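Colleague: I'd like a close look at a single part of this one. Could you pick a loop, then walk me outward from there into the strands around it?

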Amino acid sequence: MSLATSQAKLRGQRFLHSNDSTEDDYSFELSEGQCEICSKQNKNKPDSITIEYDVQGQDSQFQDSNFASCGAGVFPSSTTIFVTNKNSDDQRFDVAGGSFFTIEGPFNAETVFSFSNDGECYFHTSCSAPLVAGDQLGPFKIVGGNDCNVGEVE
């Protein structure tokens, strides 16, 4: 799917919160360098998601606090990340700023990232909220999934 196609699919769309029966009051469109992996309108769930770890965490442009607890702040310069998928497969990644890793699905509605240095955060991976390559959720910059690839994986 091309970036232009992804932009056209999201422009002006409204999203429902899973715990709310009313539409949100916002809409959005993709910026240059972003690509829709999946969303409420595109339920093509990814088999894997490639992420770049960035110690300077940011709030997501597409998932608000109803969908993600990973947000802005400074994260450990190096740590071990633990993730468990829907099949109870444990995944472990030793990361430092700028490192890349790929989490394998299938995914639960929320994917929880536990840090060896203490703490955890999650973001939505069931496609009820947009999952966008190029978005950053806390220290996790999504760089690939499905037909999207927006980063240089080293």
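**From a loop residue into the sheet**

Modeller: Let's begin with threonine 125, which sits in the loop that links E8 to strand E9 (131-133). Keep in mind that this is a predicted model. Is threonine 125 buried or exposed? Its relative accessible area is 1%, and because anything under 20% counts as buried, threonine 125 is buried. The side chain of threonine 125 comes within 2.8 Å of the backbone oxygen of asparagine 108. Leaving aside residues up to four places away in sequence, threonine 125 touches Ile49, Phe107, Asn108, Ala109, Glu110 and Thr111.

Two of those names, Glu110 and Thr111, take us into strand E7, residues 110-115. Here's a bit of background: in a regular strand, side chains alternate between the two faces of the sheet. E7 shows such an alternation: Thr111, Phe113 and Phe115 point to one face and are buried, while Glu110, Val112 and Ser114 point to the other and are not.

Now for the neighbours of that strand. E7 pairs with E8 in the antiparallel sense, over five bridges. One of the residues to look for is phenylalanine 113, whose bridge partner in E8 is cysteine 121. E7 and E8 form a hairpin with four residues between the strands, and there aspartate 118 takes a positive phi near 100°. E7 also pairs with E4, again antiparallel, this time over two bridges. In that pairing isoleucine 81 stands opposite phenylalanine 115 of E7.

Stepping back, these strands belong to an open, antiparallel sheet of four, in the order E5-E4-E7-E8. Strands E5 (90-96) and E8 (120-124) are the edges; each has a single partner strand, so one side of each has no neighbour in the sheet. From one strand to the next, the twist averages 25°.

Out towards the E5 edge, strand E4 (residues 78-84) runs antiparallel to E5, joined by seven bridges. Phenylalanine 82 faces arginine 92 of E5 across that pairing. The side chain of arginine 92 also meets that of aspartate 94 in a salt bridge, 3.6 Å from N to O. In general, side chains of opposite charge can pair when their charged atoms come close. A search of the whole structure turns up one salt bridge. Both ends are out in the open: arginine 92 is exposed at 55% relative accessible area, and aspartate 94 is exposed too, at 57%.

What about the inside? The largest nonpolar core has 27 residues, and Ile81, Phe101, Ile103, Phe113, Phe123 and Phe140 have the most contacts inside it. You've already met Ile81, opposite phenylalanine 115, and Phe113, on the buried face of E7. Phenylalanine 140 is a good one to click on: beyond four places in sequence, its contacts include Ile51, Tyr53, Cys70, Ile81, Phe101, Phe113, Phe115, Cys121 and Phe123.

Phenylalanine 140 also touches Glu52, which leads to one more strand. E2 (residues 48-58) runs antiparallel to E6 (residues 100-104), with five bridges between them, and glutamate 52 stands opposite phenylalanine 100 there. E2 is joined to strand E10 (residues 136-145) by five bridges, also antiparallel, with threonine 50 opposite glycine 144. Lastly, two bridges pair E2 with strand E3 (residues 73-74) in the antiparallel sense, and glutamine 56 has valine 74 as its bridge partner.

Technical notes:
Residues are numbered from 1 along each chain as its sequence is written. This is a predicted model: local features need pLDDT of at least 70, side-chain atom pairs count only at pLDDT 80 or more; totals for chains, interfaces and linings use all residues. Side-chain values use heavy atoms; hydrogens and water are left out. Two strands pair if DSSP finds at least two bridges between them. Axes are lines fitted to C-alpha atoms, for helices over the stretch in contact, and angles run from 0 to 180 degrees between N-to-C directions. A salt bridge is a side-chain nitrogen of Lys or Arg within 4 Å of a carboxyl oxygen of Asp or Glu. Buried means under 20% relative accessible area, exposed over 50%, partly exposed in between (1.4 Å probe, protein chains only). A nonpolar core is a set of buried Ala, Val, Leu, Ile, Met, Phe, Trp, Tyr and Cys residues joined through side-chain atoms within 4.5 Å. Contact means heavy atoms within 4.5 Å. A polar contact is a pair of N or O atoms within 3.5 Å; within protein, one must be able to donate a hydrogen and the other to accept it, and residues adjacent in sequence count only if both atoms are side-chain atoms.
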